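I opened this entry to look up the nonpolar core and the salt bridges. My notes follow the structure.

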Amino acid sequence: DGQNCLADSLPQRVNGRVNGELNGVVIDDQNLNCSVVTKDGKTNTAINRIPDHLGWDMQGLVPLGTVIGWLFAVPENCGKNGFGLTGGVLNYTAEVNYPDTGEKATLEFQFKGLDSFDNLKADLKITGTVPMLSKAERIKVEDNF
């Protein structure tokens, strides 16, 4: 955006707080931690201190990671990634619907720009319900080009 810049190819962090209620479990002021390898556009997103069963069920909340991927995607052909367009200051809301069960979850991100350590600050509110998964079940998301 011309005002907030990232150093080329250096790892990036996204940190913030998570609140809300999912499947009847209150999420109260938990840590949001994302690591980004900017040279590859790879991201890893984690929420601390979520009960194991809830964390497992959250696999289907794909927008948890995809918005971070969009922010730090490797630009091609003189294009810009999300950070280049917004400077890391934006609101993002995603609704995940499960038509087979009628369940629905909403994710509301508030990205606040870089802090004094050049980490992107972000808060997240999660509400709704998602299908419960057994420990044997995995959700696989294919690359979408």
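The entries below take the core and then the charged pairs.

I worked from a predicted model, in which local features need pLDDT of at least 70, side-chain atom pairs count only at pLDDT 80 or more, and totals for chains, interfaces and linings use all residues. Residues are numbered from 1 along each chain as its sequence is written, and side-chain values use heavy atoms, with hydrogens and water left out.

**Core.** I looked up the largest nonpolar core (buried Ala, Val, Leu, Ile, Met, Phe, Trp, Tyr and Cys residues joined through side-chain atoms within 4.5 Å; buried is under 20% relative accessible area, exposed over 50%, partly exposed in between, with a 1.4 Å probe and protein chains only). It has 31 residues, and L22, I47, M58, L61, L64, F111 and I126 touch the most other members. Among the elements that each supply at least two residues of this core are β1 (12-22), α2 (63-71) and β6 (120-128). Strand β2 gives the largest share, five residues. Helices (H or I, at least four residues) and strands (E, at least two) are DSSP runs, numbered from the N terminus.

**Salt bridges.** I counted a side-chain nitrogen of Lys or Arg within 4 Å of a carboxyl oxygen of Asp or Glu. The count comes to three.

- R17 meets D29 at 3.0 Å, N to O. R17 lies in β1 and D29 in β2, so the pair ties together parts twelve residues apart in sequence.
- K112 pairs with D123, the closest N and O atoms being 2.4 Å apart. K112 is partly exposed at 45% relative accessibility.
- E95 pairs with K104 at 3.8 Å between the closest N and O atoms.
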